[in-house]
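Hi everyone, thanks for making time for this one. I'd like to walk you through a single chain, starting with its overall form and ending on one residue. Have a look at it on the screen first.

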Amino acid sequence: MSTQLISVGVVVAKRRLKGPWASHAWLPVAVLPGLPGTAPWTRLSATEDEETFYAGAYEVELHPAETAHYGDNLAAARPSLWVALRETGPDTYAVATVTADPYEGESLAEGIGEIVEAVPMPPEIQAEVGAFYRAFHVERVFHKRKRDRADPEALARQGAGARRRPEEP
């Protein structure tokens, strides 16, 4: 099978929280097409409530068997990439994965221990995913299976010949 890799750069935000349990939260906020010439964890911007960082590069892997999923993503009102961050130490994170498969992204969000967020898919990446979809997608016809009708008399007929004999002394 032919897989395709799309290089992306991940941008994350460190947002200040106003609750008593945590002072801040990390959150993936964007994906950049290609690989920026910036070192990982370079601060991109800062305000009183939020700092953004270039977290690093990742290669999104597209598989021909998942083209239907990519098609569903591209047909959505807001095509997205799902980014998962994994904590590697106290207040340090690494990009764990980036996927264009919405069902894989949903399953990532169900796990514990990673920060997962859907971020908008840039138009350049939409074009690459769309080209991959057109090149490899094969429409599969759905065939609904038909069940055999149950024969309620079949059990009665089975049981009639299998009567137990009383035990002889």
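Before anything else, a word on terms: I call a residue buried when its relative accessible area is under 20%. On that basis, 29% of the 169 residues of the protein chain are buried. Please keep in mind that this is a predicted model.

Now the overall form. The C-alpha trace of the protein chain spans about 90 × 50 × 30 Å along its principal axes. The radius of gyration is 26 Å, where a compact globule of 169 residues would have one near 15 Å. The chain exposes about 11700 Å², and 52% of that comes from carbon and sulfur atoms. As for charge, there are 18 positive and 24 negative side chains, with the centres of the two sets 10 Å apart.

On to the secondary structure. We have four helices and seven strands, and from the N terminus on they run β-β-β-β-α-β-β-α-β-α-α. If you take the contacts between residues at least 6 apart in sequence, 63% of them join residues at least 24 apart.

Let's look at two of the helices. In α1, residues 67–75, the buried residues are T67, Y70, G71 and N73. Why do I put these on the same side of α1? Because they cover an arc of only 160° around the axis. And what do the buried residues of α1 pack against? Their partners are β4 (50–62), β5 (80–89), α2 (102–110) and α3 (123–136).

That brings us to α2, where P102, G105 and L108 are buried. These three cover an arc of only 115° around the axis, so they sit on the same side of α2. The cover over the buried residues of α2 includes α1, β5, β6 (92–99) and β7 (114–120).

Finally, my one residue: T97, which lies in strand β6. Is T97 buried or exposed? Its relative accessible area is 14%, and the cut-off for buried is under 20%, so T97 counts as buried. Which residues does T97 touch, leaving aside its neighbours within four places in sequence? The contacts are Y58, W82, V83, A84 and L108. L108 is one of the buried residues of α2 that we just met. T97 and L108 are eleven residues apart along the chain, and their C-alpha atoms are separated by 9.2 Å.

That's my tour, and I'm happy to turn the model around for anyone who wants another look.

Technical notes: Residues are numbered from 1 along each chain as its sequence is written. This is a predicted model: local features need pLDDT of at least 70, side-chain atom pairs count only at pLDDT 80 or more; totals for chains, interfaces and linings use all residues. Side-chain values use heavy atoms; hydrogens and water are left out. Buried means under 20% relative accessible area, exposed over 50%, partly exposed in between (1.4 Å probe, protein chains only). Helices (H or I, at least four residues) and strands (E, at least two) are DSSP runs, numbered from the N terminus. The arc is that of the directions from the helix axis to the C-beta atoms. Contact means heavy atoms within 4.5 Å. The radius of gyration is taken over C-alpha atoms; the globule rule is 2.2 Å times the number of residues to the power 0.38. Accessible areas come from the Shrake-Rupley method with a 1.4 Å probe; for residues, only the protein chains shown count as cover. Lys and Arg count as positive and Asp and Glu as negative; His and the chain ends are not counted. The place of a charge is taken as NZ of Lys, CZ of Arg, CG of Asp or CD of Glu.
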